[in-house]
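User: I'm new to reading protein models and I'd like a close look at a single part of this one. Could you pick a sheet, go through it strand by strand, and then tell me how it fits into the rest?

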Amino acid sequence: MAISKKTIPFRFSDKHIDYIRACSLNTFNFAEGAVRAGKTVDNVFAFSHEIKTTKDKIHLATGSTVANAKLNIGDANGFGLEYIFRGQCHWGKYKDNEALFIKGPATGKRQRIVIFAGGAKADSFKKIRGNSYGMWIATEINLHHDNTIKEAFNRQLVADMRKIFWDLNPDNPNAPIYRDYIDKYKELDEKNILIGGYNYCHFTIHDNITIPDDRKREIISQYDQNSIWYKRDIEGKRCIAEGLIFRNFSDDPERYILKEIPQDIKIKHIMIGVDFGGNKSKTTFVATGFVGNYQKLIVLDDYKMKGDKGTIDPDRLNKEFIEFVQRVQQGYPTSPILYAFCDNEAQTLINGMRAAILKSKLPIKVVDCEKATIIERIYTLNGLINTGRFFVMSCCKHVIKSLQEQVWDQKKENDTRLDDGTCDIDTADALEYSFSKFLKAFALIGVKKWMND
């Protein structure tokens, strides 16, 4: 195997260097703070240093999903494990898990295996069973399910060199990740009870010396300074989500409402989100137009079925959905309607819609929606609004009203949208289903300029 000599351009401020050095002395290593502060790169660097000499063969790398773990830990925009061990590693499968196999001069010709797994779902822990792990590196640990965290800890019980590397953006100060782990371990360490050592550091975007000042200003300008996202992502503060969710839209809705599509905007294609009514909700359709290569999102039309809540007549559903598709098609004849993304918990209704669409010969595919977490959906939509990349046609009264009235649930310890019937969550879900499969694409377009410079 040929060994590449390419040097990775690591640049660390003194604060980051101190944290990385402390990682070699402590079992528990937690990096918290603002976005693009360099937290993950620190942990990857420290983790890779230890893997060169550890006696343990198998190690664990997790994110909210496998893809997230591979992107942020394996790749890390050119600073990840596959670059650090360039020419000495390859991707493959280990017991049906995605894994990076490392073997070369850096490890003294000994094989080391890093298994990559997702951790957000309640049953995610099942994928990491069956192995004993030495070290564990996790990105966005606050998005991991507690079952995953507990299982990962259990799997390290026989490790020769047990180490934990976590990173996270600030969350609700009452979140379990602080109460049950990070702050709890700090307290135990201060009382000299915790064995192994505790290493914690808080970072802001200004601690990352690889980002020029003008680029930092550009990133900061994309945020609403009154939002929780600004306080957490930019200021790096733990704060409680409270009040209106889409404050920028609520404060100045006319800024985002269009009476007609501007001539310089071409809608590439259209997606439809479908939320089926339940005991306390009504069935809702929302059509959104994608502009360019995920540059903008425009809500084109919406519809809410009339009638008592919780009563769904399949025949009526199919009839009114076809009528909605035809209405959108007539309104935007040059833009193809590609998919209807439906709430995947209603498979019987979805199958009926598929049959009705085939019979009608409408060129649209009815599929299950991509159920990203509600917070991921809200975060993406807020980003589009704050960067001037989201608009809604004036005819979409349900969407406009829903965006203006959505609020955070003050009674929950984690960020949760209030869903008690006082605001229109049916329309919110339908809108988000229409674009939730493309969250990463929309987010990437929002930051690609400074990443590629």
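Analyst: Let's start with one pair of residues: Ala340 stands opposite Val366 in E14. That match belongs to the pairing of E13 with E14, which is parallel and runs over four bridges. Strands like these are DSSP runs marked E of at least two residues, while helices are H or I runs of at least four, both numbered from the N terminus. Two strands pair if DSSP finds at least two bridges between them.

Before going further, a word on what you're looking at. This is a predicted model: local features need pLDDT of at least 70, side-chain atom pairs count only at pLDDT 80 or more, and totals for chains, interfaces and linings use all residues. Residues are numbered from 1 along each chain as its sequence is written, and side-chain values use heavy atoms, leaving out hydrogens and water.

Now zoom out from that pair. E13 and E14 belong to an open sheet of seven strands, with mixed pairing, in the order E9-E15-E12-E11-E10-E13-E14. At the edges sit strand E9 (257-258) and strand E14 (365-368), each pairing on one side only.

Let's walk inward from E14. E13 covers residues 337-342, and five bridges tie E13 to E10 in the parallel sense. One place to spot this is Met271, which stands opposite Tyr339 in E13. Met271 is handy for the next step too, since its bridge partner in E11 is Thr288. The link between E10 (residues 267-275) and E11 (residues 284-291) takes eight bridges, and here the two strands run antiparallel. If you find Met271 on the screen, you can follow the sheet towards Tyr339 in E13 or towards Thr288 in E11.

Now come in from the other edge. Strand E9 joins E15 through two bridges, running parallel, and Leu258 stands opposite Met393 in E15. On the way to the middle of the order, E12 (residues 296-304) is joined to E15 by three bridges, again parallel. In that pairing, Ile298 has Phe391 of E15 as its bridge partner.

E15 is worth a pause. Which faces of this strand are covered? Both: in E15 (residues 390-393), Phe390 and Val392 on one side and Phe391 and Met393 on the other are all buried. Buried means under 20% relative accessible area, exposed means over 50%, and partly exposed is in between, using a 1.4 Å probe and protein chains only.

How does the sheet fit into the whole? The protein chain has 15 helices and 15 strands. Of its 453 residues, 53% count as buried. The C-alpha atoms fill a box of roughly 65 × 45 × 45 Å along the principal axes. The radius of gyration is 24 Å, which agrees with the value near 22 Å for a compact globule of 453 residues; that rule is 2.2 Å times the number of residues to the power 0.38, and the radius is taken over C-alpha atoms. Among contacts between residues at least 6 apart in sequence, 70% join residues at least 24 apart, a contact being heavy atoms within 4.5 Å.

A few residues elsewhere make good comparison points. Thr40 is found in helix H2 and is buried, because its relative accessible area is 18%. Leaving out residues up to four places away in sequence, Thr40 touches Asn72, Thr139 and Asp167. Arg36 sits in the loop between strand E1 (28-33) and helix H2 (39-51). Its phi is near 55°, a positive value in a residue other than glycine, and Arg36 counts as partly exposed because its relative accessible area is 25%.

Asp96 also has a positive phi, near 70°, and is not a glycine either. Asp96 lies in the loop between strand E3 (89-94) and strand E4 (97-102), and it counts as exposed because its relative accessibility is 56%. Ser221, in helix H7 (residues 213-221), is exposed as well, because its relative accessible area is 54%. To get a feel for scale, try Ser221 and Ile51: they are 170 residues apart in sequence and 39 Å apart in space, C-alpha to C-alpha.
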